[in-house]
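This report describes selected local features of a protein model. Please consult the sequence and the structure shown below while reading.

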Amino acid sequence: MDEAAKQLRTPSAVRSDSSSPMPTAADAAIGIFDSGIGGLSVLRHIHAALPREQLLYFADSGYAPYGDKTEAQIVERSLAIASFLLEQRVKALVVACNTATAAAIQAIRTRWPQLRVVGIEPGLKPAAQLTRSRTVGVLATRSTLASQRFALLQAQMQAQYQVRYLPQACVGLVDLIEKGELHSPATVQLLERYLAPLLEQGADTLVLGCTHYPFVRPAIESVCRSLVGETPDIIDTGQAVTRQLQRLLEAGQLQTRAATGSLAGFTTASRSTLENAFRGLLKLDPPVQALQPQGGG
């Protein structure tokens, strides 16, 4: 683990080989990672649906947010984290981050073609099937919205469903969520700025295109009610990711035989920050290891 931690401390120090062990045992763990605490919104669905599995959650908060990083930087971080989690013996990897999925999931699959990998996509398809006004607002990071993966998905869904998508980069929102400001005046002010133009253009459905955003869903709903007097339909794709993970495990006959599951966390920032996020957001208290402590912890 010490060697893996060294790799995580230096983003450029990512091994170029694919020699990490590829566990196929049902008792191996499931790795889940995000740029920070946002992926906990996906983890809560996985933990509820697969209570007997061993779950390892990695918060790369020391390098967050990913939304303002270059694609090369995001790929570098994602490969380093995947390598670390493989050394902890994971049978599947969940990229619980829209930005990392858009930038790096293909690189992960190329590096480890036998690894079962589940990414997270903005819920453009379910939104298209749900909207009545044919106008959908998409809240995401700049990196996600600028990615080729998102552009292709948007073009495909627009052609198939004749729906108008309104992409909105929510700069600064991930930072506030990472600080635990889920209902602060600053968060509300930022949401008002980003939501108002979408609602004014007739969006009746909103896609939460970043795994951090479900944690401010109550604030989003409150701001929408104050602006237009009603709450639009909101799409959170955490459940869809969990269903896909279940399908992959079943197809590979990799469901655990353990009687009880476990959960552990890793972070590249303060251990106490992730511990507090587990307790405050999920009401869980797993052990957390800081691989690169910053500011205490």
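The text that follows treats a helix pair, a loop serine and some backbone features.

**Helix packing**

The model is a predicted one. In it, helix α9, which covers residues 185-200, packs against helix α10, residues 217-228. The two axes lie 9 Å apart and form an angle of about 55°. An angle of this value makes α9 oblique to α10, because it falls neither under 35 degrees nor within the range of 65 to 115. The crossing of α9 and α10 is right-handed. On the α9 side, the contact is made by Val188, Leu191, Glu192, Leu195, Ala196 and Leu199. Helix α10 contributes Ala219, Ile220, Val223, Cys224, Leu227 and Val228. By class, the residues of this contact comprise 11 nonpolar, no polar and 1 charged.

**Serine 184**

Serine 184 is located in the loop between α8 (173-178) and α9. Is serine 184 buried or exposed? Its relative accessibility is 14%, and since buried means under 20%, serine 184 counts as buried. The side chain of serine 184 is joined to that of glutamate 181 by a polar contact of 2.9 Å.

**Backbone features**

Most peptide bonds are trans, and most residues other than glycine have a negative phi. Against this background, three places in loops deserve attention.

Alanine 64 and proline 65 are joined by a cis peptide bond, with omega at about -5°. Proline 65 belongs to the loop between β2 (54-59) and α3 (71-87).

Positive phi values occur at glutamine 162 and at lysine 283. Neither glutamine 162 nor lysine 283 is a glycine. The table sets out the values for these residues.

| Residue | Phi | Loop | Relative accessible area |
|---|---|---|---|
| Glutamine 162 | near 50° | between α7 (148-161) and β6 (164-169) | 57% |
| Lysine 283 | about 60° | between α12 (271-282) and β10 (288-290) | 66% |

Which class of accessibility applies to glutamine 162? With a relative accessible area of 57%, glutamine 162 is exposed, because the class of exposed residues begins over 50%. Lysine 283, at 66% relative accessibility, likewise counts as exposed. Serine 184, by contrast, counts as buried at 14%.

Definitions and conventions. Residues are numbered from 1 along each chain as its sequence is written. This is a predicted model: local features need pLDDT of at least 70, side-chain atom pairs count only at pLDDT 80 or more; totals for chains, interfaces and linings use all residues. Side-chain values use heavy atoms; hydrogens and water are left out. Axes are lines fitted to C-alpha atoms, for helices over the stretch in contact, and angles run from 0 to 180 degrees between N-to-C directions. Helices (H or I, at least four residues) and strands (E, at least two) are DSSP runs, numbered from the N terminus. Angles under 35 degrees count as roughly parallel, over 145 as roughly antiparallel, 65 to 115 as roughly perpendicular and the rest as oblique. A crossing is left-handed if the near helix is turned anticlockwise from the far one by less than a right angle, and right-handed if clockwise. Contact means heavy atoms within 4.5 Å. Ala, Val, Leu, Ile, Met, Phe, Trp, Tyr, Cys and Pro count as nonpolar, Asp, Glu, Lys and Arg as charged, and the others, Gly among them, as polar. Buried means under 20% relative accessible area, exposed over 50%, partly exposed in between (1.4 Å probe, protein chains only). A polar contact is a pair of N or O atoms within 3.5 Å; within protein, one must be able to donate a hydrogen and the other to accept it, and residues adjacent in sequence count only if both atoms are side-chain atoms.
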